[in-house]
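Morning, everyone. Please bring up the model on your screens, and I'll walk you through it.

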Amino acid sequence: MPPAPDAPAPAPATPLSGRPGLTALVAAPPLAFVGLFFVFPVASILIHGLTTGGAFDPVAMLDVLRRPFVLDVAWFTLWQAGLSTALTVLAALPGAYVFARFDFPGRRLIGALAIVPFVLPTIVVAAAFLALLGPRSPLGLRLEHTVWAILLAHVFYNYAVILRVVGGVWSRLDPRLEEQARMLGATRWQAFRRVALPLLRPAIASSASIVFLFTFTSFGVILLLGGPRFATLEVEIYRQTAQLLDLRVAATLAILQLIALAALLFAYSRYQRRLAVRQRLVSRLQAARPPRTLTEACLVVGNLLVIALLLGLPLTMLIERSLAVQGGYGLGNFAALFGESARGALFVPPVEAIRNSLLFAAAATAICLPLGLLAAAVIAYRRGLLPDAFDALLMLPLGTSAVIVGFGFLLALGRLPIDLRTSVLLIPIAHALVALPFVVRATVPLMRSVDQRLRDAAAVLGASPSRTWRQIDLPVVGRAALVGATFAFAVSLGEFGATLFIVRPDAPTMPIAIFRLLSQPGPLAFGQAMAMATVLMVVTAAAALVFDRFSSGASSAV
Amino acid sequence: MLRLSGVEVRYGPTVALANVDLDVGTAEQLAVLGPSGSGKSTLLRAIAGLEPLGAGRVEWDGRDLSGVPSHRREFGLMFQDYALFPHRDVQGNVAFGLEMRGADPATITARVAEMLDLVGLSGYERRQVTQLSGGEQQRVALARALAPTPRLLMLDEPLGALDRALRTSLLTELAGLFAELRLPIIYVTHDQEEALAVGDRVAVLRAGRIEAVLTPAELWRSPPSEFVARFLGLGNIAPFEIAGDELVTPWGSLRPSMAPPAGQSRLLLRPDDLVPDPDGTIEAVVVAQTFRGDHTSLIVRAGDEAAPPLEFHLRDSALPAIGDRIRLRVDPSAIHFLP
């Protein structure tokens, strides 16, 4: 069949169509928010890096870039991301195959559990790997402060990205294509190499780009697992700011990071567009079937073992360490969260951090949700160049990094008319900014899911536009709000990179408390860190489950 | 030659093929006919080595194939919707099997051109397979299956995805091509016309079991069971009782030329063997008529209320109107008995 001509569908009459004034009004608050708290801070970084005493001075920046350690950091950032991505793809491709092609007991449950690492806060991942590979590893593994710890943690973190994206496409790839290749004389491997792989390449490429982006901007994992020897651009920005107090170097590195990310995102979008043409071939077909030969059974069991070891072991070790107390197991570490923190690492009892996190998350949700819904409405209900640009602008905080956001806040907020640096709202605002892209992305599909014919039917039956919106769109918006709120709350609970720059010493959040406790020597601090990381893991996983439930119910609720 | 003995395939608790015995001769065209879900495709997959056997064996020239993986069997298989490789052009698709056999580029180019010529697609080498019509895709799939010179060609509903006019013309074309190839062929279809046109023999498959393997003429003349008869479109079937030298049926009494064989309890009247005759023993009322080009098919009701409708064909003679009462005669030698 010839491809359908790319004619745009006739623009449906959405609640915002033909109302530029209303659209502008709806778009204004999120636009102002992103402008003030993202564009302005990033601009401050640029100004800080490129000027000396108010005058344009690119030479100073070039001087920084010429220092040998900058090249080292940039090179490490690049190769660890590349290697992490390659390892993740290698580890997860067989898993994607198994989940796409085979049915076995517990398939759905294991598939859902495999997602858990991806939704965990980076600090929990780092804590779990310290439990597994650190000085107190019950298994006697000692890999902390090696690049292996970093690579393993990155594979752990991103396994689900490849598993979901590639597995999803693979399950819709006609298995008969590979069988046909076999009939024409191809071995199993040749059939994969010559038929399946070329057809999966777009999915592999796009999911691998996402993993590369995540590992390129990796911060918490490297800060905690890499030790002083390893630093990515992100980690070095933090060290220059917090430890060496050299803002000029930090700003220069941040600019370097911004340029690299812009190049990455640009290359990614170009590549996506080129591949989109070929993606069309995949048809929805045949469900998975039980493994039937010994080879197939081994393949399934082998991959489940990989999942159990790679994904299950670190989290199990985290829980095990959180329960390990002097001379056995108990809830001592959890009880200790309510007492004074070990060696005064936090200035406050650890339980205060839990309280802070919950309050900040509630405030961040309250800020982020209305902005996110307004933005989602513009993106879902309007089409064209301007809404697209608006969409891209809102996605920028996601594409850059939390560290850039935090660093930008640090540099910029002194220049604002109202000084926010001491405000309790500072952290919720930063979290809202980091969560905004997620909330928008999660709610837009829901808002778009309203069947235009329902609105038309309501209009034909005599409902006014505002009545139609209340009757037809509002219930969906309600569900979108719930999904968005869960997302904002979970993102805020786990946010680490930006918070580290702007947190007040006496008001730590849970991730900050875990970080500080882990930086302390001694079994008590370690136990408290493990206990708090376990609490954070449970809360985040629960939020993810709620989200999964409501967003998956949405797609069928048209 | 190919021989299947006692072949069984299971999908979990479901038996897809049970105790299948089948031979395909050196240059024989075997049609496999059966309704959907009867195990036709599974049969091909079992022969291809794509489904593990629960029991039984597949042999080629007396050699058991159980240890031979699909890619070493040198069997060609054409799937129903062709499974063309969407990331390769026509040339890339047809060349695939040759590449897997390590043929050199010059040989491949020549063979691809030869195959495309054979299926009437000369010059299509650089076309994208996603932009071909259904009929063209079918030809590419055929060329691809034939290019590496398989020792057996299996086709799964090769015309199933095409519209009716195209099917008729391609069927003739395929039959000619098969005769030219002199290759053992297994042709799977649910369409009795195709099966009877293509097969030297026709194997009828029912719920995973072989119901009959006969030549098309035998099958048409004396279907071995009611299922086969009905699947061939022969529906004038009713039970009978013997009364003297007459057979009592729901339609009326018939006088056969020979006594029914023992164990047969039903009889079949082929539509072409019913003839209007004022002296006929079956009294009927016309309830429907369908013009079919070279003949008109009439449905009549005869005998008691429970009697199944009778179908017969009329050519070139005056048509009775719906509601007319007519009498039908049966050629006594044409009555066919079924178990």
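Let's start in chain B. Strand 9, residues 201-206, runs antiparallel to strand 10, and 5 bridges join the two. One pair to look at: Arg206(B) has Arg209(B) of strand 10 as its bridge partner. Before I go on, a reminder that this is a predicted model.

Now zoom out to the whole sheet. Which order do the strands take? The order is 6-7-8-3-9-10 in chain B. That is an open sheet of 6 strands, and its pairing is mixed. At the edges sit strand 6 and strand 10, the latter spanning 209-214, and each pairs on one side only. Neighbouring strands are turned by 15° against each other on average, with direction ignored. Helix 4, residues 134-146 of chain B, packs on this sheet. Helix 4 touches strand 6 and strand 7, which covers 152-156. The direction of helix 4 makes about 170° with that of strand 6.

Next, another set of strands in chain B. Strand 1, residues 2-11, and strand 4, residues 55-60, run antiparallel, joined by 5 bridges. Glu8(B) is the bridge partner of Ala55(B) in strand 4. Strand 4 also pairs with strand 5, residues 63-64, again antiparallel, through 2 bridges. There, Trp60(B) is matched with Arg63(B) of strand 5. This hairpin has 2 residues between its strands. Look at Asp61(B) in that hairpin: its phi is positive, near 50°.

On to the domains. The assignment for chain B gives domain 1 at 2-231 and domain 2 at 237-338. How many Å separate their centres? Taken over C-alpha atoms, 39 Å. As for contact, 4 residues of domain 1 meet 5 residues of domain 2. On the domain 1 side, those residues divide into 1 nonpolar, 2 polar and 1 charged.

Stay in chain B for a second open sheet. Here 3 strands come in the order 12-13-14, with antiparallel pairing. Strand 12, at 241-243, and strand 14, at 252-254, are the edge strands, each pairing on one side only. The twist averages 35° from one strand to the next. Strand 13, residues 246-249, is joined to strand 14 by 3 bridges. Thr249(B) is found opposite Gly252(B) of strand 14.

Now the contact between the chains. Chain B puts in 21 residues and chain A puts in 22. Which elements of chain B supply at least two residues each? Strand 6, at 75-78, and helix 2, at 90-100, do. The chain B side divides into 12 nonpolar, 8 polar and 1 charged. So much for the interface; note that strand 6 is also an edge strand of the sheet of 6.

Last stop, chain A. Helix 1, residues 20-50, packs against helix 16, residues 385-399. Their axes are 10 Å apart, at an angle of about 40°. That angle is why helix 1 counts as oblique to helix 16. The crossing is left-handed. Who makes the contact? From helix 1 we have Ala27(A), Pro30(A), Val34(A) and Phe38(A). From helix 16 come Phe390(A), Leu393(A), Leu394(A), Leu396(A) and Pro397(A). By class, the contact has 9 nonpolar residues, no polar and no charged.

That's my tour. Over to you.

Methods
Residues are numbered from 1 along each chain as its sequence is written. Chains are lettered from A and ligands numbered from 1 in the order in which they are written. This is a predicted model: local features need pLDDT of at least 70, side-chain atom pairs count only at pLDDT 80 or more; totals for chains, interfaces and linings use all residues. Two strands pair if DSSP finds at least two bridges between them. Helices (H or I, at least four residues) and strands (E, at least two) are DSSP runs, numbered from the N terminus. Axes are lines fitted to C-alpha atoms, for helices over the stretch in contact, and angles run from 0 to 180 degrees between N-to-C directions. Domain bounds come from an automatic or database domain assignment. Two residues are in contact if their C-beta atoms, placed from the backbone, lie within 7 Å. Ala, Val, Leu, Ile, Met, Phe, Trp, Tyr, Cys and Pro count as nonpolar, Asp, Glu, Lys and Arg as charged, and the others, Gly among them, as polar. Angles under 35 degrees count as roughly parallel, over 145 as roughly antiparallel, 65 to 115 as roughly perpendicular and the rest as oblique. A crossing is left-handed if the near helix is turned anticlockwise from the far one by less than a right angle, and right-handed if clockwise.
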